[in-house]
Amino acid sequence: MATERAISRLTSETAHFSRRDMVRFVAEECQGRGVGAYEIRAAADQHLDKSSDIVRLGAASGEARFTTARMFELEASLLADCETLSSRESHQVSADTLVRILSKHGSLSEEQMQAVWHITHQTGAVSVVSGMPGSGKTVMLKAASDAWKVDDYRVIGAAIAAKAAAQLEAGSGIESSSIARLLYRLE
């Protein structure tokens, strides 16, 4: 069915989506099949409103956001794993390495330098940095990656969605893929 194919494509590109995204992807799945705009919108709306697989996330910028139960469970599982790993000591670089690397990345803001210090030196096996789009997270990750590499760690990036992984790689220079692809390669 077009709605299931649309959902599959949506969640392969992003972790959450809007009603408008859903209508667009259903329309793309229905191209050349003689399905009208009214039927497309009705099918998308019905799937979002009635499917037990759809999770309502709330609104962002005044627009309702959705995900699938599978994606929601995956993210919840990842967060639980991160919580467990955050207490383990590993992947820390030496203070000397960090000072050297930060001096080479002189354009970093004070906040970005603190974030690099946080994820490479202060915490356990998993560290979390969050920020608004455009706040310089990928630039900060480039400096962190350089520090890990100097101390002989292999740096691999991963994101839930392939599109986000491509943006991570382009902005930071860290080889990146979707989490699903990374798990497949590891297996």
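Which residue in β3 is the bridge partner of alanine 60? This tour of a predicted model begins there.

**First stop: the β2 and β3 pair.** Select alanine 60 and glutamate 63 together: glutamate 63, in β3, is the bridge partner of alanine 60. Next, extend the selection to residues 63–68, which make up strand β3. Strands β2 and β3 run antiparallel and are joined by six bridges.

**Second stop: the whole sheet.** Add β1, so that the three strands of the open sheet are displayed; their order is β1-β3-β2, with antiparallel pairing. The edge strands are β1, at 17–18, and β2, at 54–60; each of these pairs on one side only.

**Third stop: the helix on the sheet.** Select residues 69–85, which form helix α4. This helix packs on the sheet, where it touches β2 and β3. Viewed against β3, the direction of helix α4 makes an angle of about 80° with that of the strand.

**Fourth stop: serine 61.** Return to the loop between β2 and β3 and select serine 61. Most residues other than glycine have a negative phi. Serine 61, although not a glycine, has a positive phi of about 55°. Is this residue buried or exposed? Serine 61 is exposed, because its relative accessible area of 85% is over the 50% cut-off.

**Fifth stop: aspartate 152.** Finally, move to the loop between α7 (137–150) and β4 (157–159), and select aspartate 152. Aspartate 152 is likewise a residue other than glycine with a positive phi, here near 65°. Aspartate 152 is also exposed, with a relative accessible area of 70%.

Technical notes: Residues numbered from 1 in each chain as written. Predicted model: local features only at pLDDT ≥ 70, side-chain atom pairs only at ≥ 80, totals over all residues. Heavy atoms only, no water. Pairing = 2+ DSSP bridges. Helix = DSSP H or I, 4+ residues; strand = E, 2+ residues; numbered from the N terminus. Contact = heavy atoms within 4.5 Å. Axes fitted to C-alpha atoms, helices over the stretch in contact; angles between N-to-C directions. Buried < 20%, exposed > 50% of the residue type's maximum accessible area, 1.4 Å probe, protein only.
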